[in-house]
Amino acid sequence: MSYTLDGDTGPWEVVVGLEVHAQVLSESKLFSGAATAFGAGPNSQVSFVDAGFPGMLPVINGECVAQAVRTGLGLNAQVNLWSRFDRKNYFYADLPQGYQISQFAHPIIGTGVIEITLADGSTKNIGITRLHLEQDAGKSLHDQHQSKSFIDLNRSGVALMEIVSEPDMRSPEEAGAYLTKLRQIVRYLGTCDGNMDEGSMRADVNVSVRKAGEEFRTRCEIKNVNSVRFVMQAVEAEARRQIEVWESGGTVGQETRLFDTARGTTRSMRSKEDAHDYRYFPDPDLPPLVLEQSWVDQLKASLPELPDNRRARYVALGLSPYDAHVLTIEKETAAFFEIVAKGRDAKVAANWVTGDYFAALNRLKREVADSPVSAENLGALLDLIADGTLSGKLAKDVFEAMLEADEPPAQIVETRGLRQVTDTGAIEAAVDAVLAANADKIAQYQGGKVGLFGFFVGQTMKAMAGKGNPALVNELLKQKLG
Amino acid sequence: MSLDAAAVRRVANLARLRLDEPEVQKLQAEINGILGWIEQLQAVNTDGVEPMAGGSPVAVALPWRKDAVTDGGQADAVLRNAPDREGEYFGVPKVVE
Amino acid sequence: MMRPTDYTIAEGLRALDKREISSVELTGAYVKAIEAHNPRLNAYITVTAETAMEAARASDARRAKGEVGALEGIPLGIKDLFCTEGTRTTAGSKILGEFVPPYESTVSGNLKRDGAVFLGKLNLDEFAMGSSNTTSAFGPVENPWSRANDPAKRLVPGGSSGGSAAAVAARLAMGATATDTGGSIRQPAAFCGIAGIKPTYGRCSRWGIVAFASSLDQAGPVARNVEDCAILLRSMAGFDPKDSTSADRPVPDFAAACTRSVKGLRIGVPAEYTMPGLAPEIEALWQQGLDWLRDAGAEIVPISLPHTKYALPTYYVVAPAEASSNLARYDGVRYGLRVTERDSDLRDLYERTRAAGFGAEVRRRIMIGTYVLSHGYYDAYYLKAQKVRALIARDFTQAWEKVDAIVTPATPTSAFPMDERQDDPVTMYLNDVFTVPANLAGLPGLAVPAGLDGQGLPLGLQVIGKAFDEETVFAVGAALERAANFTAKPQVMA
């Protein structure tokens, strides 16, 4: 069932395309040697190039080019061996040169496609129109002074990849899934840290609405939306606004808008009103960017495994498609799982990671990146289960202990005496004691109340402080109860 | 192609040049004179000609630099010439987004 | 007995080497010359006499220790378009205010590295936009030459490097840096009776030079003769990783090329350069120059550069377009002038600052450049011009199949009075008709003083060469210079 929004005149289809700005992971800026680290003192990571001083010239950072190509390969996209930088001319307080160096006519990456996965397990292909490299602008602070804005140029000149999608998305969920997938890909590739809180990834969301079967209607662009959740909210809010405009007899005008996260609505952006004649032309300071196919091939050969491939590999290992999906969403999770599963039963490892381990992270409000338990120790725990040292029940106790102090499970088993008892003599003694104390229950059991079997198991395990081997306990009880 | 006064004002807006009325008139005449002279380029047959980009007389490709931090850490030098320095920032009249 | 200001750079280096003179004496003589004549000529915007003397003392000390750079102790002037660390740089504009660069341009840095002493910053047309040096916010420069029959009539030195050319001609500097976007080295050199070369695009780094039109701008020297230009260019040139358009090629010994014979060289004479408005004396001098070269054993070959007539209109699309973008950074935020009223918002700040900071010619070119790039006009103007530019470059490429160098007049007239030609921009632009093609094609062009007109004003010839073949250009230029034996001196001279 496709997604629609209901207006007074019936259902409306929502059309969404995203332009995602992803900060390239690099030490220094796209055209200068100033640092890119987040959170430095104001204007402390600024070269004279970034500040647009007279006579300063750009020189491109080769690693940023490589990162763009890696990303393009990860998006299954065309790598253009010849591309060029253009100047996009406009005046703004945080744009020191009076132009942004970008790639308008000849981007480094052409068309591609990625597959998104939706909540119902279905998948959909979303087209990539292009990816190009460009400079970020500086930052204006409006809340430091009553009548002034303050300008910090630390971000000025930081390399961005602008990744433009086709208008292929038809619901807030698809838009959210697309951004999630894009983030997953760049994080796997190590080409962007995907940190949306710090502005490393932000989306301009193009939204329009239409009746089924219509051509596209006018779209509005919602600038700088900085989380998956906000993208989904902004799509719905903007679509509802446009439906209201159309249905009240109005016309939606093409414009740039902002998403007000507090109110959950979009509003027109004043400062961008007259900025539409950018006077693009080839930047005469920068000859064309020419790549060797052999260099692209080398990058391709050295790409890390991408999430789709990794997921397929996990399914081949016997994992459920759901587990494979969950384990590959975050690169760190997959890496954790790989260590836990190495040389062990993958399905058992997956059950532990997606089960007890994820539950523990949730409970402790931790991330895989700052895991309370190392993957190596969790793996060792699985070994102790496999070799019979621990029962499932004991293993959970050991795991709880590991959450408190991330020690090797064997050490916890030793110091706390949690080793499973497999000595039939000891078990038999415990069973005998339980049976002796519960003659009435034996009679009831033998009289047909077979559900009481679990009671005997429980009492025996309790008597053995949980350490009895469950299989042996069961076996002996069956024998003795007849 | 010739510019009317409104077009002169639109271009001045794009270029962020404040013009008073007499200047608009003067520039309109001058620019139209220059554009009229430039018009002769339309007579040249440029079918199939690749436009020149950049100034080099020989084919060149963009040289790359290594990804290393070699610059920055000089806030004072960056701010020293500013007409309105506000501590470690440049100050401008408040911008409403 | 030679006066210190009589030395050419080559002679000065020999005299310094033989301890016939010190850099302090040499520099001191130039500081005095500037004091005497700059108030009239206005060639310098900023004179750095004290630091110059300091640098001269340091140079003499180095020489005493045997550390001798290629320009050790030679006092030079620097066009005020080159950023100089710690010394105000104006670009001839009000908009830069009291901007003091925290960095040294690569070219001026190269000269310092080789031991040169800087006397100060030389006047120019605002942002190098002009052919008369009358658009400078720091007042016009006067040509040290004047007409024999009308010595009171003040003449322009040409532009944009008018301060550089006037200072060298009047001996207020031994040589000077200059830049050439459409003729800004060659035209003032010709007007002032000195030599000047715009090298191949990419030969000199543009890093630290205030940009006018990035695909056309090239730095080069002006000096009293061709050999001095060769000496200066060798120091100025070289690959610079900070300029992505800088050529990664070895820098030859240009001075050695000045002594090469032109015997057997094929010299092209483009038919299209014989154009209406060309002064008969200049046409005659051009013929004379070709005869000198033929006498020296060169072969004169008629050639055609069919798109020549489109060079100027092409230039006046491309250069303003790039300038409109390059000059967007002068916005009153990070450095330079800021003009506001009470309650100015950011837009008002921009518009007032830029209206007050830029002079009329710069504003005009920003307007043209903004227009030709704007929506709906890009294809008709900018793209069209860049295609015609490609055809102009191709004309030269085809000519190089037949000839080794091209000789033309440097300018269509000699220096004109300061009060002429100010009204019609297009008439003013025609000054660059012979020089602009080399900028559009990125080729080297050298202006050589070759004779005087009937008024006693200098006239120059231009040698255009193949890309990165400045050596042939110097060889041909030096041959013309030897034959011309140009010894006339300007009326104002130290």
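Quick term first: helices (H or I, at least four residues) and strands (E, at least two) are DSSP runs, numbered from the N terminus. The model is predicted, with local features needing pLDDT of at least 70, side-chain atom pairs counting only at pLDDT 80 or more, and totals for chains, interfaces and linings using all residues. Residues are numbered from 1 along each chain as its sequence is written, while chains are lettered from A and ligands numbered from 1 in the order in which they are written.

**View 1. Ala91(C), a loop residue with an unusual backbone angle sign for a non-glycine.** Ala91(C) sits in the loop that runs between strand S2 (75–79) and helix H4 (106–113) of chain C. Its phi is positive, near 55°, even though the residue is something other than glycine. Is Ala91(C) buried or exposed? Ala91(C) is buried, with 33 other C-beta atoms within 10 Å. (Buried takes 20 or more other C-beta atoms within 10 Å of a residue's own, exposed 12 or fewer, and partly exposed is in between; C-beta atoms are placed from the backbone.)

**View 2. The cis peptide bond between Gly159(C) and Ser160(C).** Going from Gly159(C) to Ser160(C), omega is near 5°, and the bond is cis. To find the spot, look in the loop between strand S3 (117–122) and helix H5 (162–169) of chain C, where Ser160(C) lies.

**View 3. Arg279(A), a positive phi in chain A.** This one isn't a glycine either, yet Arg279(A) has a phi of about 50°. The loop that holds Arg279(A) links strand S15 (265–268) to strand S16 (281–282) of chain A. Arg279(A) counts as buried, with 26 other C-beta atoms within 10 Å.

**View 4. Ala324(A) and its surroundings in helix H6 of chain A.** Ala324(A) belongs to helix H6, which covers residues 321–328. Which residues does Ala324(A) touch, not counting residues up to four places away in sequence? They are Arg311(A), Tyr314(A), Val315(A) and Leu319(A). (Two residues are in contact if their C-beta atoms, placed from the backbone, lie within 7 Å.) Ala324(A) is buried, as 23 C-beta neighbours fall inside 10 Å. Asp308(A) is 16 residues away along the chain, and its C-alpha atom is separated from that of Ala324(A) by 9.7 Å.

**View 5. H1(B) crossing H2(B).** Two packed helices are described by the angle between their axes and the distance between the axes. Here the axes of H1 (residues 5–14) and H2 (residues 21–38) of chain B come within 9 Å and cross at roughly 100°. (Axes are lines fitted to C-alpha atoms, for helices over the stretch in contact, with angles from 0 to 180 degrees between N-to-C directions.) That makes H1(B) roughly perpendicular to H2(B). (The labels go like this: under 35 degrees is roughly parallel, over 145 roughly antiparallel, 65 to 115 roughly perpendicular and the rest oblique.) On the H1(B) side the contact uses Ala5(B), Val8(B) and Arg9(B), and H2(B) brings Val24(B), Leu27(B), Gln28(B) and Ile31(B). Sorted by class, that is five nonpolar, one polar and one charged residues. (Ala, Val, Leu, Ile, Met, Phe, Trp, Tyr, Cys and Pro count as nonpolar, Asp, Glu, Lys and Arg as charged, and the others, Gly among them, as polar.) For context, chain B has three helices and three strands, in the order α-α-β-α-β-β along the sequence.

**View 6. The side of chain C that touches chain B.** In this interface, 58 residues of chain C are in contact with 43 residues of chain B. The elements of chain C giving two or more residues are helices H10 (311–326), H11 (346–357), H12 (360–373), H13 (378–399) and H14 (425–429). Which of them gives the most? H13(C) does, with twelve residues. The chain C side divides into 33 nonpolar, 14 polar and eleven charged residues.

**View 7. Where chain A meets chain C.** In this patch, 24 residues of chain A are in contact with 31 residues of chain C. The chain A side holds 15 nonpolar, five polar and four charged residues.
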